[in-house]
Amino acid sequence: MASDAAKSTDQANIQGVWLAQSESQNGLRRNVSYLYVFTEDKLTFTDETKKEIRYSFKLDTTSKPKLIVIQSEETPTDSAPVSVGYELNGGSLKIVVAPAGLRPTDISDKNNQKLILCKRKDS
């Protein structure tokens, strides 16, 4: 199955440490310094205050755009998983966060979506 191949390839390629460099929304861009660490099916997000949030995640490579479905490990199980869009291209990762309750429609900062540009951290 081609979709299984894409999923396993993306799952392998997303592993590791990613540095967020900029975030934009509706054309307004600012520099950021977030850290995303993907390890197997876990994601650790560190914000600019060094606060860590842990999630479990799975990839949905069949949707357009592709999605990372994340579930916080620190909130009760009644919290709904959140879908964020992604585009993985070698050493760059684009993450799209839609407004609460919505799914990303494309890989852009339009329609109040946040577009976060990340680069793979050299190990």
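These exercises work through a predicted model of one protein chain.

## Exercise 1. The overall fold

Task: State how many helices and strands the protein chain has, and in what order they run.

Solution.
- Step 1. Count the elements. The protein chain has one helix and nine strands.
- Step 2. Read from the N terminus. The order is α-β-β-β-β-β-β-β-β-β.
- Step 3. Check the overall size. The radius of gyration is 14 Å, close to the 14 Å from the globule rule for 123 residues, so the protein chain is as compact as a globular protein of that length.
- Step 4. Look at the outline. The C-alpha atoms fill a box of roughly 40 × 35 × 30 Å along the principal axes.
- Step 5. Look at burial. Of the 123 residues, 37% count as buried.
- Step 6. Look at contact range. Take the contacts between residues at least 6 apart in sequence: 38% of these join residues at least 24 apart.

## Exercise 2. A link between distant parts

Task: Find which parts of the chain the salt bridge between Asp10 and Lys66 ties together.

Solution.
- Step 1. Find the pair. The closest N and O atoms of Asp10 and Lys66 are 3.0 Å apart. The cut-off for a salt bridge is 4 Å, and this pair forms one.
- Step 2. Place both ends. Asp10 lies in helix H1 (residues 2-13), and Lys66 lies in the loop between E5 and strand E6 (67-72), so the pair ties together parts that are 56 residues apart in sequence.
- Step 3. Compare exposure. Asp10 has a relative accessible area of 7% and is buried. Lys66, at 29%, is partly exposed.
- Step 4. Set the pair in context. The whole structure holds six salt bridges.

## Exercise 3. A network around Arg30

Task: Work out which residues are joined with Arg30 in one salt-bridge network.

Solution.
- Step 1. Recall the principle. Side chains of opposite charge can pair when their charged atoms come close.
- Step 2. Take one partner. Glu23 and Arg30 form a salt bridge at 3.4 Å, N to O. Glu23 is buried at 9% relative accessibility, whereas Arg30 is partly exposed at 40%.
- Step 3. Take another partner. Arg30 also forms a salt bridge with Glu48, at 3.9 Å, N to O. Arg30 lies in strand E2 (residues 28-31) and Glu48 in the loop between E4 and E5, so this pair ties together parts that are 18 residues apart in sequence. Glu48 is partly exposed, at 38% relative accessibility.
- Step 4. Join the pairs. Shared partners link Glu23, Arg30 and Glu48 into one network.

## Exercise 4. A buried acid

Task: Asp47 is buried; decide what is the nearest side chain of opposite charge, and how far away it is.

Solution.
- Step 1. Place the residue. Asp47 is in the loop between strand E4 (42-46) and strand E5 (52-60).
- Step 2. Find the nearest opposite charge. That side chain is Lys51, 5.8 Å away.
- Step 3. Apply the cut-off. A salt bridge needs a distance within 4 Å. Asp47 has no salt bridge.
- Step 4. Check the backbone too. The backbone nitrogen of Lys51 lies 3.0 Å from a polar atom of the Asp47 side chain.

## Exercise 5. Strand E7 and its partners

Task: Determine which residue in E8 stands opposite Glu87, and how E7 pairs with E8.

Solution.
- Step 1. Place Glu87. Glu87 is in strand E7 (residues 82-89). Glu87 is partly exposed, with a relative accessible area of 34%.
- Step 2. Pair E7 with E8. E7 and strand E8 (residues 92-97) run antiparallel, joined by five bridges. Glu87 stands opposite Lys94 in E8.
- Step 3. Inspect the turn. E7 and E8 form a hairpin with two residues between them. Gly90 in this turn has a positive phi of about 60°.
- Step 4. Turn to E6. E6 and E7 are also antiparallel, with four bridges. Val69 stands opposite Ser83 in E7.
- Step 5. List contacts. Beyond its neighbours within four places in sequence, Glu87 contacts Ser92, Leu93, Lys94 and Ile107.

## Exercise 6. Surroundings of Ser22

Task: Is Ser22 buried or exposed? Name the side chain that joins it in a polar contact.

Solution.
- Step 1. Place Ser22. Ser22 is in strand E1 (residues 16-25).
- Step 2. Judge exposure. The relative accessibility of Ser22 is 2%, so Ser22 counts as buried.
- Step 3. Find the polar contact. The side chains of Ser22 and Arg29 are joined at 3.5 Å.
- Step 4. Add the other neighbours. Not counting residues up to four places away in sequence, Ser22 touches residues including Arg30, Asn31, Val32 and Leu115.

Definitions and conventions
Residues numbered from 1 in each chain as written. Predicted model: local features only at pLDDT ≥ 70, side-chain atom pairs only at ≥ 80, totals over all residues. Heavy atoms only, no water. Buried < 20%, exposed > 50% of the residue type's maximum accessible area, 1.4 Å probe, protein only. Lys, Arg positive; Asp, Glu negative; His and termini not counted. Polar contact = N/O pair within 3.5 Å; in protein donor to acceptor, adjacent residues only side chain to side chain. Contact = heavy atoms within 4.5 Å. Pairing = 2+ DSSP bridges. Rg over C-alpha atoms; globule rule 2.2 N^0.38 Å.
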